[in-house]
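User: Could you take a close look at the place where the two chains meet? I'd like to know what each side brings to it.

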Amino acid sequence: MSIVDTRTPNPKYFIAGATGDWEMVIGMEVHAQVTSEAKLFSGSSTEFGRPPNSNVSFVDAAMPGMLPVINDECVRQAVRTGLGLKAKINKRSVFDRKNYFYPDLPQGYQISQYKDPIVGEGKVLLDLGEDGEVEIGIERLHLEQDAGKSIHDQHPNMSFVDLNRSGVALMEIVSKPDLRSSDEAKAYLSKLRTILRYLGTCDGNMEQGSMRADINVSVRRPGGEFGTRCEIKNVNSVRFAGQAIEYEARRQIDILEDGGVIDQETRLFDPKSGQTRSMRSKEEAHDYRYFPDPDLLPLEFDDAFIDELAAHLPELPDEKSARFIESYGISHYDASVLVADRDSADFFESVAKGRDGKLAANWVINELFGRLNKDGTAVTDSPVSADQLGGIVDLISKGEISGKIAKDLFEIVWSEGGDPAKLVEERGMKQVSDTGAIEKIVDEIIAGNPDQVEKVKDKPGLLGWFVGQVMKQTGGKANPQAVNEILKAKLGLE
Amino acid sequence: MTDLTRLSLKDLRDGIARKDFTSLEATDAYVGAIEAANDKLNAYVAVTADQARAMAKASDERIAKGEGGALEGVPLGIKDLFATKGVHTQAASHILDGFKPEYESTVTANLWGDGAVMLGKLNMDEFAMGSSNETSYYGPVVNPWRGAGGNKDLVPGGSSGGSAAAVSAWLCAGATATDTGGSIRQPAAFTGTVGIKPTYGRCSRWGIVAFASSLDQAGPIARTVEDSAILLQSMAGFDPKDSTSAELAVPDFAAAVERGVKGLTIGVPKEYRMDGMPEEIETLWHQGLEWLKAEGATVKDISLPHTKYALPAYYIVAPAEASSNLARYDGVKYGLRVSGKDITDLYELTRAEGFGREVKRRVMIGTYVLSAGYYDAYYVRAQKVRTLIKKDFEDAFAGGVDAILTPATPSAAFGIADQDLHADPVKMYLNDIFTVTVNMAGLPGIAVPAGKDGQGLPLGLQLIGKPFDEETLFAAGRVIEKSAGQDFTPEKWW
């Protein structure tokens with residue numbers, strides 16, 4: 001594989017060293033667990049959190065004479081993912097065996113795809129705010145089996161093995177070395193996770209291990225030759241990815257600036273110390289002796305298979321964002337916040353449909369998300385439903401309640417529930433737009449405050465005081481616009 | 001009363017169905033024969049007498065009710081390579097000590113489904129690696145045949161030596177066997193029995209301990225062509241649990257047996273005339289052609305130009321797959337475990353003690369040819385050779401040939417512990433010179449006893465057919481069998 005540098009060095013990301021500036025080059029191999037009922041080559045359940053060794057078939061345990069049979073749903077998920085990554089779908093791919101000994105690898109080999117993966121080159125767009133949008137290349141995506149889990153802390157001199165994960169389908173999504181900062185790397189991981197979640201092909205739960213990243217980091221002089229890379233294995237959070245990259249880049253720069261050379265090696269990130277440490281050197285690297293798995297025929301499908309999946313692909317974040325901006329007139333920023341999570345986007349859309357999009361976005365992002373974040377509640381568990389929030393937005397739009405009253409109403413709906421329109425009615429929260437009633441109150445205030453009436457003629461800013469008085473008298477329910485107009489007219493401020 | 005063990009499988013089956021005698025009587029006769037012979041012949045590694053009698057009784061009950069399958073009540077021997085639920089299944093290897101699977105192979109399940117009775121598990125070369133049945137952890141099988149006037153123990157061939165010996169010595173009505181490079185046909189030829197390796201994909205490999213997945217095929221060894229057709233009928237069929245199994249209906253093989261060869265074209269490959277081939281084998285080959293011609297076949301000289309590369313290519317492909325297939329025998333999950341100071345030590349000690357010399361040799365060859373830097377030179381080239389071998393056959397068939405006649409082996413059975421063969425593994429490998437091409441091309445091949453050498457030892461001829469055209473092999477094989485007109489039962493000395 002020849003590596004092509006697709007990026008223009010951005011000084012913002014340069015790392016200052018003692019001998020000048022440095023630039024990071026980052027590529028990632030993300031292992032995403034395929035969302036499927038059964039494992040890649042067996043009928044065992046993939047359910048998370050079951051007691052050890054309860055999701056294990058004879059195939060998963062590599063009993064003699066057992067044979068793998070491909071789970072078609074995993075193939076469909078991989079193709080869906082490839083389509084979501086705007087990638088080339090390979091109608092013929094091959095499963096290979098990657099041979100190595102490890103107790104949690106019962107077969108003594110992992111079934112993976114080596115030379116002929118199911119998905120080829122694709123791309124992921126990152127929205128970098130003021131730096132605009134950048135395209136990160138995807139090298140390939142292939143299907144492979146997960147290994148089991150070795151447990152070393154249950155017995156003084158024995159290890160235990162849990163094969164529940166053994167044989168679960170993973171997609172390894174390999175990026176090109178197109179990332180140039182830890183922020184970009186984090187944005188890439190987040191975006192990839194968003195796409196996978198939209199597609200429903202991986203739940204993206206990094207803390208449960210459903211998504212993990214092997215991160216290749218090297219440093220170089222800005223725009224110069226690529227340096228020697230180190231691979232940081234099994235990073236399981238976006239935040240750790242950022243920390244690991246920062247640490248690793250600094251470590252490499254220090255070595256290079258001291259006149260040293262980088263050894264190509266595999267490293268591990270320790271979240272406690274925030275450091276990476278060597279796991280094995282290139283010399284210790286395994287010879288995996290890949291060869292086509294003779295138990296499986298090449299995986300082949302036709303265009304109709306791909307077209308069918310493409311036809312049912314959900315709208316993806318980039319398309320959704322563009323549509324939100326176009327259809328609801330919301331800002332690029334608001335759109336990006338809303339589409340980062342499919343449930344949030346769906347919630348917004350339910351609120352915004354047939355209503356003022358900007359107002360809806362404002363209420364969803366600022367009021368609802370703010371409140372949800374404060375409580376640590378997911379949008380899917382929101383005590384205020386999209387219908388209810390829509391009702392509140394309707395009341396504002398129709399001028400029946402003010403923004404301030406709306407916030408009170410939101411609190412009531414949040415804690416007590418109920419139909420916002422009824423609540424406004426029952427609790428007399430309705431805005432007073434009846435000009436006659438307002439005029440009467442205004443007249444009383446003018447009559448009772450002759451001093452202020454005098455002053456306001458020279459200091460129009462005092463109008464606010466009059467507005468405040470009206471609001472006080474009406475319990476905040478007077479339509480502020482009407483109050484302003486009537487006051488101005490009566491005080492002769494026009 | 002007649003000795004029930006001396007009946008052909010067909011006659012035994014029909015007699016049981018007619019209630020001339022019971023399955024239990026036949027089973028008892030076989031169990032008695034095994035008990036009397038096994039010390040000498042070592043054909044069985046496990047005798048399941050109780051289970052056999054229980055199965056026989058169940059068969060007799062079905063027969064009494066007017067039910068019964070195609071093999072109702074017929075006692076069979078099962079090669080130790082087939083997983084049999086709750087019964088010794090060790091591939092004649094030390095490393096699978098004590099292994100009793102919780103599952104039944106598809107092929108044996110098919111046989112039991114048709115009413116067959118299991119007498120026990122048959123000896124074989126360890127993991128089916130060998131041509132003399134001397135690599136078994138359970139010691140060599142002794143050929144029921146002896147040279148005229150001699151009392152020297154001969155090998156029964158391998159790897160299905162136990163199957164061939166048991167069939168030949170009336171220790172079962174028929175046996176399952178497997179063939180990766182000649183393991184059905186060569187022992188059949190050495191014991192005067194009929195063995196057919198069907199087309200790759202005809203029988204499911206599910207539940208058969210894997211040696212070389214792309215070459216392994218199950219098939220029967222029986223006393224007559226017709227018996228082998230009846231057995232294969234029951235063993236074969238599509239199995240969704242084996243991805244390489246062919247989704248094709250199984251023809252009525254028994255109906256093809258008496259079809260004759262009139263109008264068929266029999267190919268004679270010039271490359272099978274080896275230097276130094278014993279004259280009696282050359283003569284037998286000509287005799288076979290004459291018999292076929294006499295029955296109305298046409299003989300045609302053909303060329304299979306890549307034949308000479310078949311054996312070397314086989315000894316790359318088969319060990320490569322074996323090295324990976326046997327990785328699961330690591331002492332962690334089942335079978336033998338020799339504990340050591342750490343996991344690597346456990347692997348090394350277990351495998352050092354658990355595998356015999358020949359298995360180790362092939363695992364090492366396989367590991368070597370798949371290693372980085374050697375893969376292209378060995379494995380990839382061997383696969384190219386394989387494609388060429390396949391094409392040789394395709395060309396011959398496209399040229400109007402219906403089946404190909406060759407010798408089955410380059411010699412008759414040789415002595416146990418032959419110094420010459422043990423000093424040079426390649427000489428031993430040459431036993432499969434006429435049979436490996438068939439596995440490399442995935443074609444069906446049958447070995448039929450056709451004559452005897454100067455010592456009175458049986459010699460076989462091999463017929464090679466088009467993919468999934470086993471019927472022609474049964475028809476032509478029957479002509480050879482009939483024309484030879486000899487008694488291929490050994491003189492009982494045990």
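Analyst: The domain assignment splits chain A of this predicted model into domain 1 (11–308), domain 2 (315–426) and domain 3 (435–491). Measured out between C-alpha centres, domain 1 and domain 3 of chain A sit 67 Å apart.

Now to the meeting place itself. On the chain A side, 29 residues are in contact with 36 residues of chain B. Together the two chains bury about 2800 Å², and 59% of that is on carbon and sulfur atoms. Three residues stand out here: Pro64(A), Phe101(A) and Arg289(A) supply 22% of the area that chain A buries against chain B, more than any other three residues.

What about charges and polar groups? The count between chain A and chain B is one salt bridge. In that kind of pairing, the side chain of Asp295(A) meets the side chain of Arg205(B), with 3.1 Å from N to O. Polar contacts add to the picture, with 16 residue pairs found across the interface of chain A and chain B, both partners at pLDDT 80 or more. As for secondary structure, strand E4 (96–99) and strand E15 (291–292) of chain A each give at least two residues to the side that touches chain B. By residue type, that side of chain A divides into 20 nonpolar, four polar and five charged.

Over in chain B, helix H7 (residues 225–235) is largely enclosed by the rest of the structure, because nine of its eleven residues are buried. Among them are Val225(B), Asp227(B), Leu231(B) and Met235(B). After H7(B) comes Gly237(B), with a positive phi near 135 degrees.

Key
Residues are numbered from 1 along each chain as its sequence is written. Chains are lettered from A and ligands numbered from 1 in the order in which they are written. This is a predicted model: local features need pLDDT of at least 70, side-chain atom pairs count only at pLDDT 80 or more; totals for chains, interfaces and linings use all residues. Side-chain values use heavy atoms; hydrogens and water are left out. Buried means under 20% relative accessible area, exposed over 50%, partly exposed in between (1.4 Å probe, protein chains only). Helices (H or I, at least four residues) and strands (E, at least two) are DSSP runs, numbered from the N terminus. Domain bounds come from an automatic or database domain assignment. Contact means heavy atoms within 4.5 Å. Buried area is the accessible area (1.4 Å probe) that two parts lose on being put together, summed over both. A salt bridge is a side-chain nitrogen of Lys or Arg within 4 Å of a carboxyl oxygen of Asp or Glu. A polar contact is a pair of N or O atoms within 3.5 Å; within protein, one must be able to donate a hydrogen and the other to accept it, and residues adjacent in sequence count only if both atoms are side-chain atoms. Ala, Val, Leu, Ile, Met, Phe, Trp, Tyr, Cys and Pro count as nonpolar, Asp, Glu, Lys and Arg as charged, and the others, Gly among them, as polar.
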